[in-house]
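Hi everyone, thanks for making room for me today. I'd like to walk you through one structure, so let me put it on the screen.

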Amino acid sequence: MTTNTDPLSDFHDDLIIMIITFLPFIDAYRLCMSKKKWYDRSLWLHCRSFELHEASFMLPDSRQYWFSIGRRTKVMYMKRIGRLKYFHFVNRAVRRLASEFLTKFSFRLYYSSNSYHQNIDKWIEIVLKKSVQELSLDFSDGDPVEPQPMLRNPQYVLPHFFYQQGMSVRVLNINSCGLGLCNFVNFIQLTSLALTRVRLFWAEIENIAHNCPFLETLSLVECYRIVKVEITLRTLGLRKLIVRHCQSLSLGIELWLPRLQYFEYAGKMVPFNMRGMDDLEEVVLDYRLDTRYSYNSEDIKSLFNPFADARILQVSTSALKVD
């Protein structure tokens, strides 16, 4: 008489599927790899939290920068192979996801070729139809071997249907991507929005503020073509605003947000116009090292007057000196 030394072999598939629905994608995949029958039945496709970045498919030697031309060429070749493997894996997995809805869908794929465009469109269409709640689309090169200016590279542009089917999205992160026909009118449940290295115009910020009434966190990092950040919608419940290293902000920042509690700014000195900030708790200002402010003490005082109601004020700069 033989005894079963593997207690997992007695688990019914339905129980394993229920466990998988609570696991991140990579953990669900590894769990199914431990039992051949689970892997053969693709139980890992029942995962509801898909989070996978291309770095997971690259060998350690491909994530290095070599000054030797021969080694640099080899590294770039290895990165292309790893990126291709990642692309094909995600393409197969997303098209076969078995869950009716997704809590999270997050991926990073450096968009270096327009040949990816139709497949990525299909991925986004699938996850939006599954009522995804947290969506992160990252097209940046997280480990650049030889960084290139962003505008010289092909850029993925969000398709029109993205804005039509975003009703379920609550958390949205977009990195190194074109917004296309930006219209957030259907993102009625959005509470957190992060835009990184995105071309952003004044009117698009206004569109976001007016169409996302439940927005609580807004982060703008390294966005460009943005001349001014103006949000003066008093009914908006925005509680956290981050603006870091955006270009060019020549017209400064104007805010009228009574519920704002945290404000963070990094970059060159720009004019601030802040009104009705009664709930402001913390302000973080991080000015660039090349910032110059050669005015007298009264002018410096006026520089910080907009934040007089904040309980915590952190300033990092080499521009201000006290004799």
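Let's start at one specific spot: the bridge partner of S106 is S136, which sits in β3. That pairing belongs to a set of five bridges between strand β2, residues 104–108, and strand β3, residues 134–138, and these two strands run parallel.

Before going further, a word on what you are looking at: this is a predicted model. The mean pLDDT of the chain is 84, with 83% of the residues at 70 or more. Confidence peaks in strand β4, residues 171–175, at 97, and it is lowest in helix α8, residues 297–304, where the mean is 67. As a general caution, coordinates should not be read in detail where pLDDT is low.

Now zoom out from those two strands. They belong to an open sheet of ten strands, with parallel pairing, in the order β1-β2-β3-β4-β5-β6-β8-β10-β12-β13. Which strands stand at the edges? They are β1 (49–53) and β13 (312–316); each has a single partner strand, so one side of each is left without a neighbour in the sheet. On average, neighbouring strands here are turned by 5° against each other, ignoring direction.

Next, the aromatic rings. Searching the whole structure gives 31 aromatic pairs, and I'll show you two. One of them is Y29 with F89, an edge-to-face pair with 5.6 Å centre to centre and 90° between the planes. Y29 belongs to helix α2 (residues 25–33) and F89 to helix α4 (residues 69–95), so this pair ties together parts that are 60 residues apart in sequence. Are these two residues buried or exposed? Both Y29 and F89 are buried.

The other pair is Y111 with F139: the ring centres are 6.1 Å apart and the planes are at 85°, so this pair is edge-to-face as well. Here the partners come from loops, Y111 from the one between β2 and α5 (117–129) and F139 from the one between β3 and α6 (160–164), 28 residues apart. Y111 has a relative accessible area of 3% and is buried; F139, at 3% relative accessibility, counts as buried too.

Last stop: charges over rings. R234 lies over the face of W256, 4.5 Å from the ring centre. K240 places its charged end over the ring of Y262, at 5.3 Å from the centre.

That's my tour, and I'm happy to rotate the view for anyone who wants another look.

Note on methods. Residues are numbered from 1 along each chain as its sequence is written. This is a predicted model: local features need pLDDT of at least 70, side-chain atom pairs count only at pLDDT 80 or more; totals for chains, interfaces and linings use all residues. Side-chain values use heavy atoms; hydrogens and water are left out. pLDDT is the predictor's confidence in each residue, from 0 to 100. Helices (H or I, at least four residues) and strands (E, at least two) are DSSP runs, numbered from the N terminus. Two strands pair if DSSP finds at least two bridges between them. Axes are lines fitted to C-alpha atoms, for helices over the stretch in contact, and angles run from 0 to 180 degrees between N-to-C directions. Rings of Phe, Tyr and Trp (its six-membered ring) pair if their centres lie within 6.5 Å; planes under 30 degrees apart count as stacked, over 60 as edge-to-face and the rest as tilted. Buried means under 20% relative accessible area, exposed over 50%, partly exposed in between (1.4 Å probe, protein chains only). A charge sits over a ring if NZ of Lys or CZ of Arg is within 6 Å of the ring centre and within 35 degrees of the ring normal.
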